[in-house]
Amino acid sequence: MISLNIILSACLAIVTPETEDSIRTEQLDEVVVTANSVRQRIQNVQTGAEVIQIDNLTATPQLFGENDIVRSIQWLPGVKSESDASSSFQVRGGTSAQNLVLFDNAPIYNVGHVGGLFSTFNDDALAGATLYKGLLPAQFGGASSAVLDITGRTGNKQSYHGGVSIGLLSAKGTFEGPIVKDKASFLITARRTYMDLFLKMVPDFRDNTLYFYDINAKIDWTIGRRDQLFLTFFTGYDRTAVDKMVDIRWSNLMGSLKWLHHFNGGSNSQTTLYYSGYGNDNGVDFVGMNLWYKGHIRQGSLRQDFTVNLGEPHQLKMGFQSSLINVKSAEWQVVSKYGKEERRAWENAAWLNGTFKFSEKFTLSAGVRLNLFSPLGGSLYYDLDPDGSIAWYYNYGKNEIVTTHKVIEPRASISIQPTELTSIKLGYARTSQNIHALRNQNTSTPFYRYAISSNLFKPEIADQVSAGVYMMTPDQDYDFSLEGYYRKIDNVLDYRDGKSFSSEIELERLILAGEGKSYGMEFCARKNLGRLTGWIAYTLAWSKTRIDGINNGNWYDANNDRRHDINIVAAYKLSDRWTINAAWVFNSGQAFTAPSSKYQIIDNWIYYYAERNGYRAPDYHRLDVSASWSKRGEKVTREWVFGIYNLYNRYNPFLINFEDSDNGARTRAIQYSLFGIVPSVSFNIKF
Amino acid sequence: MRYHQLILIAILESIALLGTSCKKDIEIDYHQVAPLYVVEASVSNDGMEARISQTNNMDDNSTQSDISQAKVVITGSDGSQHILTYSRNGTYKASATGTPGVEYTIDITFDGNHFTSSSVMQKMPKMNNWRFIRKKIMTEHYQMGELLLQDIANEDNWYFMHIYRNNTGYRWAVKRDDQNPNKELQQLFTFAREGSDDKDLLREDDWLHIEIRAIDQKTYDYFYSMQIMDNTGTNPLPNFTGGCLGYFSAYSQITYDCEFHEADMEDEE
């Protein structure tokens, strides 16, 4: 069924463009940033780092009329969407659960609204972001794949600005301005869908609920010449309820307080105290069957960063972080059966990273991170028999350290610049992750069960080497990059055969650990100047897993293995008021498991799976286009954006199921698709 | 209907509000694999039976390849031993019935193959009620069935329920008693959406035959892993040694027969 739904939503004004220099230095928001991102791509010592500028989000056409930072990075080489229209992303063979998304230094664990159709980040609240594709400087840790480091925007210190938008799907508003002129400012943005209001207008849907909201607020206070405070608050909430039978809720809550102090000579100290929590709460009341399920992850941290200026351009970054973590992998009740698994941990990390420019042609960034992760007593720990049954319980006292996982993580990047227009970069990084996430095998729930490293779960440890060549034309109109990588990871997790998401309350009983590897190359050509700008990106990649007890212990293609990805993004400035955008994506078929034979048991046809992920889904491709019209007035700027997602209405694979007739005479492979063509219109106004 | 199915409906209905989701048949070039042996064997209060066959390739629409030359022996921990004799269509039978509490071991030998498994016979299950339900979910009505069992008191129990429609396998499920031990256990079956052309839609006068078995944990683990395999893309847990597919179960069974009449459906809003 295809119906063309005009989705009218409005987006607020695009923020002042900021480039990489401003990403980690929001405190300098009054400084006019003049750095050139093309030149930075050549000069930056870090390989595999992508800087996302908020004003560039409009270069990629939007789904449902929303600018979306997480969806935008999916157009970059080496980055994949987890599924059609999903806001989860995968980088260089890693899974989305192996990524860390930071918002003003605090982790955000669920970045999706409405099952992932919308990102949890409202672009009006953002300054910019950097995506590290596994090659992390030592100040970042906690992710065995990528880190997306997002910085929130601060309010205007001179005058009040804002905007309001109302559309069919959502409304959002922004207000910002000085609290004390030139000293303190505030910014508050809020967004809410009101799909539930439409549902209530239709008698058959009156008892259904489908909405989300999120709120961002930030206060920035310049105390003196040397000190500045930032207070950030973020919350998001989702609820989907069907006929008083099913009620699904999840939420994020984050607050952080940051104190920045400048020393003489360009050095600074940054102290951050934050809390971040994510939780979900689900209930079913269906024909007398009553059950509920919930889980959470909560983290409170103190982080200290020092940046020591060793004399331009040499720089030292060092610091430490201490976190208390509480993870409830699940708490549930099914009729009268109750289960709960909740554990706590203490994590400490210290790092040192130096960047040294030995000459105009040679830059080195090297560092080391020490990570100590200690699960704490107060809840049960156990040993397992090979079949996954519990062999022995350990009951540690409250806050008693069960064990400490120590990981030393060396990091290094080298940039060699033979000419001003070219550079060669090499990098190596070891990263580790102690918060593990396990997704339901069934695609119906957008939730993970989280677990911490324990006496049984070891940290996921990834080693990645990467090398790249970067070139630009003298006028910087074009630049090109070619990167290759090899990534190896230990202690990746997958389900035991015969176990599902909710088979046991003890998550460790569901899982086997193994190893993974991924490798590939990424090519990107960008056009940066003129009426026509954009890029072409091609990724050639392999991703494999090996776990004893699965696939006879042999290597198999990972769930996210996909050989070829092509992204083409273009923006054409037709006139001062009109801009046309188009983006085309092609992904060769993703690995999936299909049966190889069938047999009859209890008068039903059962499939026999001879190999894990041995088949390929049909190719995925689509074209998105948009056209925007804007008029800048003296006080008010208006913008209309007309967009079409999936212009040629390609039904791409989301899920493939198999069905047999009663007598097994014919097996049907059925592909389910989420979206055909989806047009949208949005209206933006700012003052 | 399982919990995740309800959530799936919720999400798909949400997307359906946007009106762009779709499903279609696609072609798959199935890989050819060597046939494997399949055994389905039981000891019950009704007798002993084993069926030995082979897997079919996905595009092989012929009937299964049955094995007729096997030696099938079932031995009980009470010292009993029974040799099953070949009947037809790969089926071997003995008239002896099982005794609750006895562990039975099956040995199958042919052509150099030796498959063995064991299972403990369980007590007789008890059914409290069966009813047809018409359940409204958003704008649609669904045909459902509700089966209520009385848990066997003071022990861990596992159940297997199988519904035949007009002598053809139709729906099945397994259940542990840990959700409500020693009390009533509920199992819901989703049949089809009313008004659809689904072949699973119950028609007037359809005859349903319901088998309810008390099974041991090993058999439960096998069926549970079979129940989730469509989501996981994995095979059921091995129940036999020797490399064959299938299972051996010693169980006590009751049956219930009824006809489907739309007028008998109870509305659940």
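**Note on sheets, unusual backbone angles and cores in chains A and B**

1. In chain A, strand E25 (residues 422-433) pairs with strand E28 (residues 460-472) in the antiparallel sense, over 12 bridges. Strands here are DSSP runs of E with at least two residues, and helices are runs of H or I with at least four; both are numbered from the N terminus. Two strands count as paired if DSSP finds at least two bridges between them. Within this pair, Thr422(A) stands opposite Met471(A) of E28(A).

2. Ground rules. This is a predicted model, with pLDDT of at least 70 needed for local features and 80 or more for side-chain atom pairs, while totals for chains, interfaces and linings use all residues. Residues are numbered from 1 along each chain as its sequence is written, and chains are lettered from A and ligands numbered from 1 in the order in which they are written.

3. E28(A) has a further partner. It runs antiparallel to strand E29 (residues 478-495) of chain A, joined by 12 bridges. Ser466(A) has Tyr485(A) as its bridge partner in E29(A). E28(A) and E29(A) make a hairpin with five residues between them. In that turn, Gln476(A) has a positive phi of about 65 degrees. As background, side chains in a regular strand alternate between the two faces of the sheet.

4. Which strands make up the sheet with E1(B)? The order is E41(A)-E42(A)-E1(B), an open sheet of three strands with antiparallel pairing. Strand E41 (655-660) of chain A and strand E1 (22-26) of chain B are the edges; each has a single partner strand, so one side of each has no neighbour in the sheet. From one strand to the next the twist averages 30 degrees. Axes are lines fitted to C-alpha atoms (for helices, over the stretch in contact), and angles between N-to-C directions run from 0 to 180 degrees. Across the chains, strand E42 (residues 667-673) of chain A is joined to E1(B) by five bridges, antiparallel. Ser673(A) has Cys22(B) as its bridge partner there.

5. Another open sheet combines the chains. It has three strands in the order E37(A)-E36(A)-E4(B), with antiparallel pairing. Strand E37 (604-608) of chain A and strand E4 (56-57) of chain B stand at the edges, each with a single partner strand, so one side of each is left free of a neighbour in the sheet. Strand E36 (residues 597-601) of chain A meets E37(A) over five bridges, antiparallel. Gln600(A) lies opposite Trp605(A) of E37(A).

6. Backbone angles to check. The peptide bond from Glu312(A) to Pro313(A) is cis, with omega near 0 degrees. Pro313(A) sits in the loop between strand E18 (289-309) and strand E19 (315-334) of chain A. Val335(A) has a positive phi of about 55 degrees and is not a glycine. Its place is the loop between E19 and strand E20 (337-359) of chain A.

7. Is Val335(A) buried or partly exposed? Val335(A) is partly exposed, with 17 other C-beta atoms within 10 Å. The cut-offs are 20 or more such atoms for buried, 12 or fewer for exposed, and partly exposed in between, with C-beta atoms placed from the backbone. Asn105(A) is another residue other than glycine with a positive phi, near 80 degrees. It lies in the loop between strand E5 (100-103) and strand E6 (106-107) of chain A. Asn105(A) counts as buried because it has 23 C-beta neighbours inside 10 Å.

8. The largest nonpolar core has 69 residues. Such a core is a set of buried Ala, Val, Leu, Ile, Met, Phe, Trp, Tyr and Cys residues joined through C-beta atoms within 7 Å. Ile73(A), Val147(A), Leu148(A) and Ile150(A) touch the most other members. Strand E9 (residues 126-132) of chain A gives the largest share, five residues. A second, separate core of 54 residues includes Met48(B), Leu84(B), Leu147(B) and Ala250(B).

9. Asp124(A) lies in the loop between strand E8 (118-119) and E9 of chain A. Asp124(A) is buried, with 28 other C-beta atoms within 10 Å. Its C-alpha atom is 8.8 Å from that of Gly173(A), 49 residues apart along the chain.

10. Confidence. Chain A averages a pLDDT (the predictor's confidence in each residue, from 0 to 100) of 86, and 91% of its residues score at least 70. Within chain A, strand E1 (residues 7-9) is lowest at a mean of 26, and strand E21 (residues 362-376) is highest at 96. Residues 1-36 of chain A stay under 50, and the model has 94 contacts for them beyond four places in sequence. A contact means C-beta atoms, placed from the backbone, within 7 Å.

Definitions and conventions. Contact = placed C-beta atoms within 7 Å.
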